[in-house]
Amino acid sequence: MKIKCPKCDKIAELGDDFTYVKCSHCSLDMSYGEYVKFIAYKDARYSDVLGDYVSETKGTTSGTLDEW
Ligand SMILES: [Zn+2]
């Protein structure tokens with residue numbers, strides 16, 4: 001089945017028996033277990049970035065009257 005490639009965000013292929021994940025766009029080729037770890041790692045980093053972004057946005061907008 002088609003899934004989103006964790007590396008290049010294009011369409012990757014997940015094996016029907018969930019044994020492999022392959023992407024022809026960036027030549028990603030890993031087991032599903034590795035894929036899950038990859039996603040978890042990437043999500044954790046992404047959340048950190050988002051958290052930083054949100055706090056930064058709050059910091060810059062809290063001083064404006066529009067926010068109150
Ligand atoms: Zn890819």
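These legends describe close-up views of a predicted model of one protein chain.

**View 1. The whole chain holds one helix and four strands.**
Start at the N terminus. The elements run β-β-β-β-α from there. The chain has 68 residues, and 7% of them count as buried. Now take the contacts between residues at least 6 apart in sequence. Of these, 9% join residues at least 24 apart.

**View 2. Four strands make an open sheet.**
Follow the strands across the sheet. Their order is β1-β2-β3-β4, and the pairing is antiparallel. Why do β1 and β4 each have one side without a neighbour in the sheet? Both stand at the edges, each with a single partner strand, so one side of each is left free of a neighbour in the sheet. Strand β4 covers residues 28-31. From one strand to the next, the twist averages 30 degrees.

**View 3. Strands β1 and β2 form a hairpin.**
Strand β1 spans residues 2-4, and strand β2 spans residues 11-14. The two run antiparallel, and three bridges join them. One pair to find is lysine 4 with its bridge partner in β2, isoleucine 11. Six residues lie between the two strands.

**View 4. Aspartate 9 sits in the loop between β1 and β2.**
Look at the backbone here. Phi of aspartate 9 is near 65 degrees, a positive value in a residue other than glycine. Most residues other than glycine have a negative phi. Is aspartate 9 buried or exposed? The count gives the answer. Aspartate 9 has 11 C-beta neighbours inside 10 Å, and a residue with 12 or fewer is exposed, so aspartate 9 counts as exposed.

**View 5. Strands β2 and β3 form the next hairpin described here.**
Strand β3 covers residues 20-23. Two bridges join β2 to β3, and these strands run antiparallel. Glutamate 13 has its bridge partner in β3, namely lysine 22. Five residues lie between the strands of this hairpin.

**View 6. Phenylalanine 18 lies in the loop between β2 and β3.**
This loop also holds a positive phi. The value for phenylalanine 18 is near 60 degrees, and the residue is not a glycine. What does the neighbour count say about phenylalanine 18? There are 13 other C-beta atoms within 10 Å of phenylalanine 18. Exposed residues have 12 or fewer and buried ones 20 or more, so phenylalanine 18 is partly exposed.

**View 7. Leucine 14 is found in strand β2.**
Which residues does leucine 14 touch, leaving aside its neighbours within four places in sequence? Its contacts are Met1, Ile3, Val21 and Tyr32. Methionine 1 is worth finding in the sequence as well as in space. Leucine 14 and methionine 1 are 13 residues apart in sequence, yet 5.2 Å apart in space, C-alpha to C-alpha. Now consider how leucine 14 is surrounded. It has 16 other C-beta atoms within 10 Å. That count falls between the limits of 12 for exposed and 20 for buried, so leucine 14 is partly exposed.

Key. Residues numbered from 1 in each chain as written. Predicted model: local features only at pLDDT ≥ 70, side-chain atom pairs only at ≥ 80, totals over all residues. Pairing = 2+ DSSP bridges. Contact = placed C-beta atoms within 7 Å. Axes fitted to C-alpha atoms, helices over the stretch in contact; angles between N-to-C directions.
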